[in-house]
Amino acid sequence: MATLLVRHARLLVTMDAARREIADGAVFARDGVIEMVGTTTDLASGGLQPDEVIDARDQVVIPGLVNTHHHFYQTLTRVLPAAQDAELFSWLTALYPVWARLTPEMVRASTLTAMAELLLSGCTTTSDHLYLYPNGARLDDCFEAAEVLGMRFHGARGAMSVGRSAGGLPPDSVVESEPAILADAQRLVERWHDPARHAMRRVVVAPCSPFSVSTGLMKDAAALARAFSGSGRPGVSLHTHLAENENDIAYTREKFNCTPAEYAEQLGWLGPDVWHAHCVKLDAAGIALFARTGTGVAHCPGSNMRLASGIAPVRAMRDAGVPVSFAVDGSASNDSGHLLGEARLALLLQRVAHASMDGPVKGPAALTAREVLEIATLGGARVLGRDDIGALAPGMSADLVGVPLGEIGMAGAGHDPLAALFFCHVPRVAFNVVNGRVLVRDGGLTTLDLPRHVAQHNRLARQLVDGA
């Protein structure tokens, strides 16, 4: 079995039960699982003879970050002029005809691009929400790309079934029949879903949103996912968009005569096996409902700002006990997939949201750097239903990253290296280890020729947009 030793970290941030921060820290892993965590001196005394050693001096080593909501294919349509200054519904309307030209090659290439950007920014586990399948594209294309790159991946089988002719938002050309959606979701679970601890591949059942699928599909999707639960192992999770902006709220009230949270409750879409993206407009009653049922949230500050959707009530959610995670969202509404950068936005945005609010929390106290790291690691793990990632401790998956302190943007930040990860700008990580395998070394990817791939990606992006 392969062994790995990471040693001499300036600061090793474990996020374990004691929240230890270890100077001159070290981690030893065997076959993708952590066996020892402590000081470099402590681990050296054990006479270890690792197959590979990473010297992490002048770095902060943290658990790998977890990204809980993305649309990989959108890396092909960043900053399109027609959608630069649009809110959610008009943004979607402008982009649907372009996305209708996606091909399997484009899905695979965009997955590699999105995952590469995430890996270089400290992410080790990601989910992706692919909800349209034109021209033979399949979620398998994403899973196969994840195999090439080596990233831990939760693939969400999205779907749209209510087109414009039936009162939905998407054009009829990008919707599917509901029997076909359910049949493919079951096929994917049987092909790719691994419920075991330390699993690299899991499947999520994820109808797109209340404005693009029927009530029947939402209920049938929940029943399908929960049919795979049991035997004490994690089942198949459920995911969708919810309460993203005012138009989203208005649509739900008009069509279903209730709030989005109430609609989720009617559908059976609440519980620890469910998480919803955005929830910008989740009201106090909705927050209480999510907290009571353990329903998770993927907070996407960059996208919410880009589309002017608003500021999600993250502080209120956290205080109520709602499981909250971070996500970069699609790269056509952010337009970045830098997860450390996204966490920085979350830190700053909550402070803005509470700058003039009455109550016990105001301004800079609304969110701290250490709380941001907790959300980005353990928060993401909880939302995805995992107890094996998010912390550096014996028995946990060997997913960890090193952030260099010698970059110009970190100069002068040695007073609190952990906080510097979120207050300062981090261009890219020094190393990224997933499942004990080094995927980023000395700031470069080990499993992808990045310049060559970027050239291919840009060629496909031009082909997609110019042909629309």
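I looked up which residues of helix 4 are buried (under 20% relative accessible area with a 1.4 Å probe, protein chains only), and found Leu139, Asp140, Asp141, Cys142, Phe143, Ala145, Ala146 and Leu149. Helix 4, a DSSP run of H or I with at least four residues, spans residues 139–149 and is mostly covered, with eight of its 11 residues buried.

I note that this is a predicted model, in which local features need pLDDT of at least 70 and side-chain atom pairs count only at pLDDT 80 or more, whereas totals for chains, interfaces and linings use all residues. Numbering starts from 1 along each chain as its sequence is written, and side-chain values use heavy atoms, without hydrogens and water.

I then checked the packing partners of these buried residues, with contact meaning heavy atoms within 4.5 Å, and among them are helix 3 (104–120), helix 5 (178–192) and strand 8 (152–159).

For helix 5 I looked at the axes, which are lines fitted to C-alpha atoms over the stretch in contact, with angles from 0 to 180 degrees between N-to-C directions: those of helix 4 and helix 5 come within 11 Å and cross at roughly 20°. That makes helix 4 roughly parallel to helix 5, a label for angles under 35 degrees. I listed the contact residues as Leu139, Asp140, Phe143, Glu144 and Glu147 of helix 4, with Arg187, Leu188, Arg191 and Trp192 of helix 5.

Lastly, I looked just past the end of helix 4, where Gly150 takes a positive phi of about 95°.

Notes: Buried means under 20% relative accessible area, exposed over 50%, partly exposed in between (1.4 Å probe, protein chains only). Helices (H or I, at least four residues) and strands (E, at least two) are DSSP runs, numbered from the N terminus. Angles under 35 degrees count as roughly parallel, over 145 as roughly antiparallel, 65 to 115 as roughly perpendicular and the rest as oblique.
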